[in-house]
Amino acid sequence: MLQDVEFEENAAPVVSDIEPVYVHKGKASYYADFFHGRTTASGERFSQNRLTAASRRLPLGSRVTVTNADNGRSVEVVINDRGPYVKGRVIDLSRKAASELGMIEDGVVNVRVEARPSDQPNRSLRQRLEQMVAVLYPDRKPASEPPVTVAERPEPDLTGTDLGTAE
């Protein structure tokens, strides 16, 4: 049974409180055990037992939330490597992160990856993510519109900018 809901005229969200978010939708996989102990792009040793991930686009050290689209489970990971290098995949996860998402049996699942500037551990990473959103949406004013979904537009060519280089 549906109920009628009344809305107050002044109940709109305060626009200045909404943060632009870098969102990427696609497929996630997880690292094979073969990579355990190998050096990542960030210089640290890869561990299947930590909440880490690889991304081609997001800055190393970024904190992101990955949500399994099939079951709604989420996990926060730190980007410490580059990849995946399989078309259509947007993130590779450690076994621990994959386990928290409930994707071990499936191997590959649809996910939503969200990177919020305010969640980043330092100013440099916050600024870098804000720049990524600004490059993708140049007429967008920071903190003035609802979150953006990056995957709704084709990935731009970022060569020639400091955002197109691997770290």
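In this predicted model, R112 is partly exposed, with a relative accessible area of 28%. R112 forms a salt bridge with E114, and the closest N and O atoms of this pair are 2.5 Å apart. E114, by contrast, is classed as buried because its relative accessible area of 14% falls under the limit of 20%. E114 also meets the side chain of R116 in a salt bridge, at 2.7 Å from N to O. R116 has a relative accessibility of 28% and therefore counts as partly exposed. R112, E114 and R116 are thus linked in a network of salt bridges.

The structure holds 4 salt bridges. One of them joins E44 to R50, with 2.7 Å between the closest N and O atoms. E44 is partly exposed, at 30% relative accessibility, and R50 is also partly exposed, with a relative accessible area of 41%.

The discussion now turns from side chains to strands. Strands of a sheet pair through backbone hydrogen bonds, and the pairing may be parallel or antiparallel. In this model, 6 strands close into a barrel, and their order is β1-β5-β2-β4-β3-β6. The pairing within this barrel is mixed. On average, neighbouring strands of the sheet are turned by 45° against each other, direction ignored.

Strand β6 offers a useful view of how the barrel is joined. β6 runs antiparallel to β1, and 7 bridges connect the two. Within this pairing, V23 has E114 in β6 as its bridge partner; E114 is also a member of the salt-bridge network described above. β6 is likewise antiparallel to β3, to which 4 bridges join it. Here N68 is the bridge partner of V111 in β6. How much of β6 is covered? The strand is mostly covered, since 5 of its 7 residues are buried.

Elsewhere in the barrel, strand β2, which comprises residues 52–54, pairs with β5 in the antiparallel sense over 2 bridges. In this pairing, A53 stands opposite L93 of β5.

L93 also leads to the nonpolar core. The largest nonpolar core has 25 residues, and L58, V64, V66, I91 and L93 are those that touch the most other members. Several elements each supply at least two residues of this core, among them the strands β1, β3, β4, β5 and β6 and the helices α1 and α2. L58 illustrates such a position. Apart from its neighbours within four places in sequence, L58 is in contact with Y22, V64, I79, R82, V113, A115, L129 and M132.

The last residue to consider is S94, which is found in the loop between β5, residues 89–93, and α1, residues 95–101. Is S94 buried or exposed? S94 has a relative accessible area of 0%, and so it is buried. Leaving out residues up to four places away in sequence, S94 touches Y30, Y31, F46, S47, Q48, R50, L51 and T52. The contact with R50 can be described further: a polar atom of the S94 side chain lies 2.5 Å from the backbone oxygen of R50. R50 thus has two roles in this account, as it takes part in the salt bridge with E44 and its backbone oxygen lies beside the side chain of S94, at 2.5 Å from a polar atom.

Key. Residues numbered from 1 in each chain as written. Predicted model: local features only at pLDDT ≥ 70, side-chain atom pairs only at ≥ 80, totals over all residues. Heavy atoms only, no water. Buried < 20%, exposed > 50% of the residue type's maximum accessible area, 1.4 Å probe, protein only. Polar contact = N/O pair within 3.5 Å; in protein donor to acceptor, adjacent residues only side chain to side chain. Contact = heavy atoms within 4.5 Å. Core = buried A, V, L, I, M, F, W, Y, C linked by side-chain atoms within 4.5 Å. Pairing = 2+ DSSP bridges. Axes fitted to C-alpha atoms, helices over the stretch in contact; angles between N-to-C directions.
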